[in-house]
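Work through the exercises below with the sequence and the model open beside you, and try each task before you read its solution.

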Amino acid sequence: MKRITLTQFLIENQRKAHVTADLRLLIEVVARAVKAISCNVAKGALAGVLGEAGSDNVQGEAQKKLDVIANEILLQANEWGGHLAAMASEEEEGIWKIPSDYPKGGYLLLFDPLDGSSNIDVNISVGTIFSVLRCPRNTVEPNEASFLQPGTAQVAAGYALYGPSTLLILSVGNGVHGFTLDREMGSFVYTHPDLEVPEQTSEYAINSSNARYWEPPVQRYVGELQRGAAGPRGKDYNMRWVASMVADVHRILTRGGVFMYPMDEKNREKGGKLRLMYEANPMAMLVEQAGGAASTGRSRILDVQPERLHQRIPVILGSRSEVEAVERCYREAREGGG
Ligand code: AHG
Ligand code: MN
Ligand code: MN
(Lines give C-alpha, C1' and ligand atoms only; values in the text may rest on other atoms or scores of the structure.)
(Ligands and ions follow the chains in the order given, each with its own letter.)
Protein backbone atom coordinates (compact mmCIF):
# COMPACT_ATOMS: atom_id res chain seq x y z
CA MET A 1 0.00 0.00 0.00
CA LYS A 2 1.31 3.43 -0.93
CA ARG A 3 1.53 5.61 2.15
CA ILE A 4 1.65 9.39 2.15
CA THR A 5 3.50 11.65 4.58
CA LEU A 6 2.10 14.38 6.80
CA THR A 7 3.44 16.94 4.29
CA GLN A 8 1.50 15.35 1.43
CA PHE A 9 -1.60 15.03 3.60
CA LEU A 10 -1.44 18.73 4.46
CA ILE A 11 -0.82 19.83 0.87
CA GLU A 12 -3.84 17.81 -0.29
CA ASN A 13 -5.91 19.43 2.47
CA GLN A 14 -4.65 22.84 1.41
CA ARG A 15 -5.73 22.17 -2.19
CA LYS A 16 -9.20 21.26 -0.92
CA ALA A 17 -9.17 24.50 1.13
CA HIS A 18 -9.38 22.68 4.48
CA VAL A 19 -6.16 24.36 5.64
CA THR A 20 -4.51 27.65 4.76
CA ALA A 21 -0.83 27.90 3.85
CA ASP A 22 -0.07 29.35 7.29
CA LEU A 23 -1.97 26.60 9.12
CA ARG A 24 -0.07 24.01 7.07
CA LEU A 25 3.21 25.65 8.08
CA LEU A 26 2.09 25.78 11.72
CA ILE A 27 1.27 22.05 11.80
CA GLU A 28 4.54 21.17 10.04
CA VAL A 29 6.48 23.22 12.59
CA VAL A 30 4.65 21.59 15.51
CA ALA A 31 5.40 18.18 13.96
CA ARG A 32 9.08 19.12 13.72
CA ALA A 33 9.11 20.14 17.37
CA VAL A 34 7.39 16.88 18.28
CA LYS A 35 10.22 14.96 16.57
CA ALA A 36 12.75 16.82 18.69
CA ILE A 37 10.75 16.14 21.88
CA SER A 38 10.43 12.48 20.85
CA CYS A 39 14.25 12.22 20.52
CA ASN A 40 14.73 13.67 24.00
CA VAL A 41 12.04 11.45 25.57
CA ALA A 42 13.52 8.35 23.89
CA LYS A 43 17.09 9.06 25.01
CA GLY A 44 16.00 9.40 28.64
CA ALA A 45 18.84 8.83 31.08
CA LEU A 46 21.40 8.72 28.22
CA ALA A 47 20.76 12.41 27.57
CA GLY A 48 20.42 13.28 31.27
CA VAL A 49 16.87 14.54 30.74
CA LEU A 50 15.10 12.58 33.50
CA GLY A 51 14.27 13.95 36.94
CA GLU A 52 13.22 17.23 38.46
CA ALA A 53 14.01 20.63 36.97
CA GLY A 54 14.07 22.14 40.47
CA SER A 55 11.44 24.78 39.63
CA ASP A 56 7.64 25.19 39.85
CA ASN A 57 5.31 26.31 37.07
CA VAL A 58 2.52 28.90 37.40
CA GLN A 59 0.15 26.20 38.64
CA GLY A 60 2.49 25.47 41.56
CA GLU A 61 3.45 22.08 40.11
CA ALA A 62 7.06 20.90 40.27
CA GLN A 63 8.51 20.89 36.77
CA LYS A 64 10.41 17.92 35.40
CA LYS A 65 13.45 18.56 33.22
CA LEU A 66 11.49 17.29 30.21
CA ASP A 67 8.59 19.70 30.92
CA VAL A 68 11.07 22.55 30.55
CA ILE A 69 12.88 21.06 27.53
CA ALA A 70 9.64 20.31 25.63
CA ASN A 71 8.34 23.80 26.36
CA GLU A 72 11.51 25.44 25.04
CA ILE A 73 11.53 23.25 21.92
CA LEU A 74 7.94 24.24 21.07
CA LEU A 75 8.43 27.96 21.77
CA GLN A 76 11.67 28.20 19.79
CA ALA A 77 10.41 26.16 16.85
CA ASN A 78 7.28 28.28 16.48
CA GLU A 79 8.34 31.84 17.21
CA TRP A 80 10.16 32.74 13.97
CA GLY A 81 8.02 31.26 11.16
CA GLY A 82 5.65 34.20 10.78
CA HIS A 83 2.50 32.10 11.17
CA LEU A 84 1.69 32.96 14.80
CA ALA A 85 0.39 36.02 16.60
CA ALA A 86 1.28 34.57 20.03
CA MET A 87 1.56 31.34 22.03
CA ALA A 88 0.44 30.07 25.44
CA SER A 89 1.80 27.12 27.38
CA GLU A 90 1.06 25.21 30.57
CA GLU A 91 4.59 26.05 31.62
CA GLU A 92 4.37 29.83 31.00
CA GLU A 93 2.43 32.14 33.31
CA GLY A 94 1.56 34.75 30.70
CA ILE A 95 1.17 34.54 26.96
CA TRP A 96 4.35 34.17 24.85
CA LYS A 97 4.73 37.16 22.56
CA ILE A 98 6.47 36.79 19.22
CA PRO A 99 9.81 38.64 19.43
CA SER A 100 9.72 41.94 17.52
CA ASP A 101 12.43 40.88 15.03
CA TYR A 102 10.11 38.20 13.58
CA PRO A 103 6.96 38.69 11.48
CA LYS A 104 3.58 37.94 13.07
CA GLY A 105 0.79 35.78 11.64
CA GLY A 106 -2.88 35.20 12.30
CA TYR A 107 -2.91 32.12 14.53
CA LEU A 108 -2.65 31.48 18.26
CA LEU A 109 -1.01 28.26 19.43
CA LEU A 110 -1.61 26.76 22.89
CA PHE A 111 0.08 23.67 24.27
CA ASP A 112 0.72 21.29 27.11
CA PRO A 113 4.35 20.58 26.15
CA LEU A 114 4.67 17.37 28.16
CA ASP A 115 1.51 15.67 29.37
CA GLY A 116 1.71 12.95 31.98
CA SER A 117 5.02 14.11 33.35
CA SER A 118 4.65 11.93 36.47
CA ASN A 119 5.30 9.03 34.06
CA ILE A 120 8.60 10.32 32.64
CA ASP A 121 10.92 8.83 35.21
CA VAL A 122 9.21 5.42 35.10
CA ASN A 123 9.44 5.10 31.30
CA ILE A 124 5.68 5.13 30.67
CA SER A 125 4.07 6.94 27.72
CA VAL A 126 3.83 10.73 27.80
CA GLY A 127 2.56 13.19 25.21
CA THR A 128 2.18 16.73 23.89
CA ILE A 129 -1.25 18.37 23.39
CA PHE A 130 -1.90 21.43 21.20
CA SER A 131 -4.77 23.68 20.17
CA VAL A 132 -4.91 26.31 17.39
CA LEU A 133 -7.15 29.39 17.43
CA ARG A 134 -7.42 32.39 15.11
CA CYS A 135 -6.20 35.64 16.58
CA PRO A 136 -9.24 37.97 16.69
CA ARG A 137 -9.36 40.34 13.70
CA ASN A 138 -7.77 43.78 14.02
CA THR A 139 -5.69 42.74 17.05
CA VAL A 140 -2.59 44.93 17.11
CA GLU A 141 -0.92 43.26 20.09
CA PRO A 142 -2.46 39.96 21.28
CA ASN A 143 -3.06 39.67 25.01
CA GLU A 144 -4.56 37.00 27.27
CA ALA A 145 -8.08 38.08 26.26
CA SER A 146 -7.29 37.24 22.62
CA PHE A 147 -6.97 33.58 23.68
CA LEU A 148 -10.22 33.36 25.66
CA GLN A 149 -12.29 31.71 22.94
CA PRO A 150 -14.52 28.65 23.40
CA GLY A 151 -13.30 25.28 22.11
CA THR A 152 -15.75 25.48 19.20
CA ALA A 153 -13.48 28.21 17.76
CA GLN A 154 -10.48 25.86 17.43
CA VAL A 155 -9.28 25.52 13.84
CA ALA A 156 -7.03 22.57 14.65
CA ALA A 157 -6.14 20.35 17.57
CA GLY A 158 -3.87 17.43 18.10
CA TYR A 159 -1.55 15.45 20.29
CA ALA A 160 1.69 13.55 20.04
CA LEU A 161 2.01 10.28 21.92
CA TYR A 162 5.54 9.22 22.83
CA GLY A 163 4.88 5.52 23.29
CA PRO A 164 6.44 2.39 21.79
CA SER A 165 6.07 4.39 18.57
CA THR A 166 5.63 8.16 18.30
CA LEU A 167 2.25 9.16 16.89
CA LEU A 168 0.81 12.49 15.82
CA ILE A 169 -2.99 12.64 15.95
CA LEU A 170 -4.57 15.63 14.26
CA SER A 171 -7.87 17.25 13.38
CA VAL A 172 -8.32 20.32 11.19
CA GLY A 173 -12.10 19.96 11.44
CA ASN A 174 -12.65 17.14 8.95
CA GLY A 175 -12.22 14.01 11.04
CA VAL A 176 -9.25 12.71 13.00
CA HIS A 177 -6.11 11.48 11.30
CA GLY A 178 -3.07 9.71 12.72
CA PHE A 179 0.57 9.63 11.62
CA THR A 180 3.41 7.40 12.82
CA LEU A 181 6.95 8.74 13.04
CA ASP A 182 9.31 6.80 10.78
CA ARG A 183 12.55 7.46 12.65
CA GLU A 184 14.84 6.38 9.79
CA MET A 185 13.08 8.58 7.25
CA GLY A 186 12.48 11.37 9.77
CA SER A 187 8.92 11.84 8.57
CA PHE A 188 5.40 11.29 9.85
CA VAL A 189 3.57 8.71 7.75
CA TYR A 190 -0.22 8.67 7.42
CA THR A 191 -1.07 5.37 9.11
CA HIS A 192 -4.44 5.99 10.83
CA PRO A 193 -7.04 7.55 8.49
CA ASP A 194 -10.42 8.62 9.89
CA LEU A 195 -10.14 7.49 13.48
CA GLU A 196 -13.51 6.90 15.11
CA VAL A 197 -14.33 6.28 18.76
CA PRO A 198 -16.03 2.87 18.84
CA GLU A 199 -19.55 3.34 20.18
CA GLN A 200 -19.77 0.06 22.04
CA THR A 201 -17.37 -0.06 24.93
CA SER A 202 -16.81 -1.76 28.24
CA GLU A 203 -13.76 0.13 29.46
CA TYR A 204 -13.47 3.16 31.72
CA ALA A 205 -10.58 5.31 32.96
CA ILE A 206 -10.60 7.23 36.23
CA ASN A 207 -8.21 7.66 39.15
CA SER A 208 -10.29 5.70 41.65
CA SER A 209 -8.08 6.69 44.59
CA ASN A 210 -10.20 9.88 44.50
CA ALA A 211 -13.51 7.97 44.78
CA ARG A 212 -14.35 9.38 48.21
CA TYR A 213 -13.98 12.94 46.85
CA TRP A 214 -16.14 12.48 43.72
CA GLU A 215 -19.54 14.10 43.37
CA PRO A 216 -22.48 11.70 43.95
CA PRO A 217 -23.41 11.38 40.22
CA VAL A 218 -19.88 10.13 39.39
CA GLN A 219 -19.91 7.80 42.42
CA ARG A 220 -23.23 6.43 41.18
CA TYR A 221 -22.05 6.01 37.56
CA VAL A 222 -18.77 4.25 38.45
CA GLY A 223 -20.58 2.15 41.06
CA GLU A 224 -22.98 0.94 38.38
CA LEU A 225 -20.08 0.01 36.06
CA GLN A 226 -18.38 -1.88 38.89
CA ARG A 227 -21.48 -3.95 39.57
CA GLY A 228 -20.87 -5.48 36.13
CA ALA A 229 -23.18 -8.01 34.51
CA ALA A 230 -25.34 -8.24 37.65
CA GLY A 231 -25.80 -4.44 37.83
CA PRO A 232 -28.01 -2.01 35.90
CA ARG A 233 -25.56 -1.83 32.94
CA GLY A 234 -25.84 -5.59 32.40
CA LYS A 235 -22.20 -6.21 31.43
CA ASP A 236 -18.75 -6.37 32.95
CA TYR A 237 -16.45 -3.37 32.56
CA ASN A 238 -12.65 -3.21 32.55
CA MET A 239 -10.63 -0.32 34.02
CA ARG A 240 -7.41 1.32 32.72
CA TRP A 241 -5.64 4.46 34.00
CA VAL A 242 -2.25 5.41 32.54
CA ALA A 243 -2.21 8.84 34.25
CA SER A 244 -1.12 10.39 30.94
CA MET A 245 -4.25 11.91 29.43
CA VAL A 246 -2.76 11.53 25.95
CA ALA A 247 -2.26 7.78 26.38
CA ASP A 248 -5.70 7.29 27.94
CA VAL A 249 -7.42 9.31 25.19
CA HIS A 250 -5.48 7.49 22.49
CA ARG A 251 -6.69 4.15 23.82
CA ILE A 252 -10.25 5.48 23.69
CA LEU A 253 -9.80 6.71 20.10
CA THR A 254 -8.53 3.25 19.23
CA ARG A 255 -10.81 0.86 21.09
CA GLY A 256 -13.44 2.98 22.81
CA GLY A 257 -14.11 3.77 26.45
CA VAL A 258 -14.72 6.72 28.71
CA PHE A 259 -12.10 8.94 30.39
CA MET A 260 -13.00 10.92 33.49
CA TYR A 261 -11.22 13.52 35.56
CA PRO A 262 -14.36 14.84 37.22
CA MET A 263 -14.96 17.64 39.68
CA ASP A 264 -14.14 16.42 43.20
CA GLU A 265 -13.80 17.87 46.67
CA LYS A 266 -9.98 18.05 46.36
CA ASN A 267 -9.99 20.06 43.13
CA ARG A 268 -13.26 22.01 43.54
CA GLU A 269 -11.56 25.28 44.49
CA LYS A 270 -9.43 25.15 41.34
CA GLY A 271 -12.44 24.21 39.16
CA GLY A 272 -11.16 20.71 38.30
CA LYS A 273 -7.79 19.08 37.62
CA LEU A 274 -7.25 19.35 33.87
CA ARG A 275 -6.72 22.62 32.05
CA LEU A 276 -9.48 23.82 29.72
CA MET A 277 -7.52 25.54 26.99
CA TYR A 278 -4.66 23.17 26.27
CA GLU A 279 -5.87 19.82 27.62
CA ALA A 280 -9.70 19.61 27.67
CA ASN A 281 -10.52 21.66 24.54
CA PRO A 282 -8.13 20.02 22.07
CA MET A 283 -9.02 16.55 23.35
CA ALA A 284 -12.74 17.41 23.22
CA MET A 285 -12.39 18.56 19.59
CA LEU A 286 -10.57 15.35 18.63
CA VAL A 287 -13.07 13.11 20.42
CA GLU A 288 -16.07 14.91 18.91
CA GLN A 289 -14.47 14.84 15.46
CA ALA A 290 -14.08 11.08 15.96
CA GLY A 291 -17.79 10.71 16.74
CA GLY A 292 -17.52 10.70 20.54
CA ALA A 293 -18.62 13.24 23.15
CA ALA A 294 -16.92 15.48 25.72
CA SER A 295 -18.69 16.96 28.72
CA THR A 296 -18.12 18.45 32.13
CA GLY A 297 -20.96 16.20 33.33
CA ARG A 298 -23.20 19.26 33.22
CA SER A 299 -22.51 20.69 29.75
CA ARG A 300 -20.48 20.33 26.53
CA ILE A 301 -16.82 21.22 27.09
CA LEU A 302 -16.41 22.95 23.69
CA ASP A 303 -19.17 25.47 24.55
CA VAL A 304 -17.51 26.72 27.74
CA GLN A 305 -16.47 30.37 27.53
CA PRO A 306 -12.98 30.53 29.09
CA GLU A 307 -12.33 33.20 31.69
CA ARG A 308 -8.64 32.55 32.33
CA LEU A 309 -5.75 31.09 30.35
CA HIS A 310 -4.95 28.42 32.93
CA GLN A 311 -8.57 27.69 33.87
CA ARG A 312 -9.33 24.12 34.98
CA ILE A 313 -12.40 22.08 34.20
CA PRO A 314 -13.97 18.67 34.90
CA VAL A 315 -13.51 16.30 31.93
CA ILE A 316 -15.65 13.33 30.89
CA LEU A 317 -15.02 12.19 27.31
CA GLY A 318 -15.12 9.20 25.01
CA SER A 319 -17.80 6.91 23.64
CA ARG A 320 -21.01 8.90 23.29
CA SER A 321 -23.30 6.45 25.11
CA GLU A 322 -21.09 6.43 28.22
CA VAL A 323 -20.66 10.22 28.32
CA GLU A 324 -24.45 10.51 28.04
CA ALA A 325 -24.84 7.99 30.87
CA VAL A 326 -22.68 10.22 33.13
CA GLU A 327 -24.69 13.29 32.09
CA ARG A 328 -27.88 11.38 32.90
CA CYS A 329 -26.58 10.69 36.44
CA TYR A 330 -25.95 14.45 36.86
CA ARG A 331 -29.38 15.34 35.46
CA GLU A 332 -31.19 12.85 37.67
CA ALA A 333 -29.29 14.09 40.72
CA ARG A 334 -30.42 17.66 39.89
CA GLU A 335 -34.00 16.51 39.45
CA GLY A 336 -33.83 14.66 42.76
CA GLY A 337 -34.01 11.18 41.24
CA GLY A 338 -30.43 9.99 41.74
P1 AHG B 1 0.52 17.21 33.27
O2 AHG B 1 1.62 16.19 33.36
O3 AHG B 1 0.56 17.98 31.97
O4 AHG B 1 0.43 18.11 34.48
O5 AHG B 1 -0.88 16.44 33.16
C6 AHG B 1 -1.16 15.32 33.98
C7 AHG B 1 -2.62 15.09 33.97
C8 AHG B 1 -3.12 14.11 32.93
O9 AHG B 1 -2.25 13.77 31.92
C10 AHG B 1 -3.50 12.88 33.72
O11 AHG B 1 -4.68 12.32 33.18
C12 AHG B 1 -3.70 13.37 35.11
O13 AHG B 1 -2.98 14.57 35.23
C14 AHG B 1 -3.21 12.37 36.11
O15 AHG B 1 -3.61 12.78 37.35
P16 AHG B 1 -3.42 11.86 38.66
O17 AHG B 1 -1.97 11.85 38.96
O18 AHG B 1 -4.26 12.59 39.69
O19 AHG B 1 -3.97 10.49 38.34
MN1 MN C 1 -1.24 17.57 30.97
MN1 MN D 1 2.21 19.09 31.12
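**Exercise 1: a helix and its buried side**

In helix α3, the buried residues are Leu66, Asp67, Ala70, Asn71, Ile73, Leu74, Leu75, Ala77 and Asn78, where buried means under 20% relative accessible area, exposed over 50% and partly exposed in between, with a 1.4 Å probe and protein chains only. The model is predicted, so that local features need pLDDT of at least 70 and side-chain atom pairs count only at pLDDT 80 or more, while totals for chains, interfaces and linings use all residues. Residues are numbered from 1 along each chain as its sequence is written, chains are lettered from A and ligands numbered from 1 in the order in which they are written, and side-chain values use heavy atoms, with hydrogens and water left out.

Task: Find which elements the buried residues of α3 pack against, and compare the reach of the helix with its expected span.

Solution: Begin with the helix itself, which covers residues 65-78; helices (H or I, at least four residues) and strands (E, at least two) are DSSP runs, numbered from the N terminus. The 14 residues of α3 reach 20 Å from the first C-alpha to the last, close to the 20 Å expected at 1.5 Å a residue, the expected span being 1.5 Å times one less than the number of residues. Next, look for contacts, meaning heavy atoms within 4.5 Å: the buried residues of α3 pack against α2 (21-43), β2 (62-64), β3, β4, β5 and β6.

**Exercise 2: the eight-stranded sheet**

Task: Establish the order of the strands in the open sheet of eight, and describe how β3 pairs with β5 and β9 with β10.

Solution: First trace the order, which is β4-β3-β5-β6-β7-β8-β9-β10 with mixed pairing; two strands pair if DSSP finds at least two bridges between them. The edge strands are β4 (96-97) and β10 (187-192), each of which pairs on one side only. Strand β3 (residues 84-89) runs parallel to β5 (residues 107-115) and is joined to it by five bridges, with Leu84 standing opposite Tyr107. Five bridges also join β9 to β10, but these two strands run antiparallel, and Asp182 stands opposite Ser187. Between β9 and β10, which form a hairpin, there are four residues, and Gly186 in the turn has a positive phi of about 75°.

**Exercise 3: a histidine in a helix**

Task: Is His250 buried or exposed, and with which residues is it in contact beyond its neighbours within four places in sequence?

Solution: Locate His250 in helix α6, which spans residues 245-255 and lies across β5, β6 (126-134), β7 (156-162) and β8, running at about 105° to β7; axes are lines fitted to C-alpha atoms, for helices over the stretch in contact, and angles run from 0 to 180 degrees between N-to-C directions. His250 has a relative accessible area of 11% and is therefore buried. Leaving aside those neighbours, His250 is in contact with Tyr159, Leu161, Leu167 and Ile169.

**Exercise 4: around ligand 1**

Task: Which residues come nearest to ligand 1, and how far from its oxygen atoms are atoms of Ser117, Trp241 and Met245?

Solution: Of the 17 residues around ligand 1, Asp115, Gly116, Asn207, Met245 and Tyr261 come nearest, a residue being counted if one of its heavy atoms lies within 4 Å. A backbone N or O atom lies 2.9 Å from a ligand oxygen atom in the case of Ser117 and 2.8 Å in the case of Met245. For Trp241, a polar side-chain atom lies 3.0 Å from an oxygen atom of ligand 1.

Methods:
A polar contact is a pair of N or O atoms within 3.5 Å; within protein, one must be able to donate a hydrogen and the other to accept it, and residues adjacent in sequence count only if both atoms are side-chain atoms.
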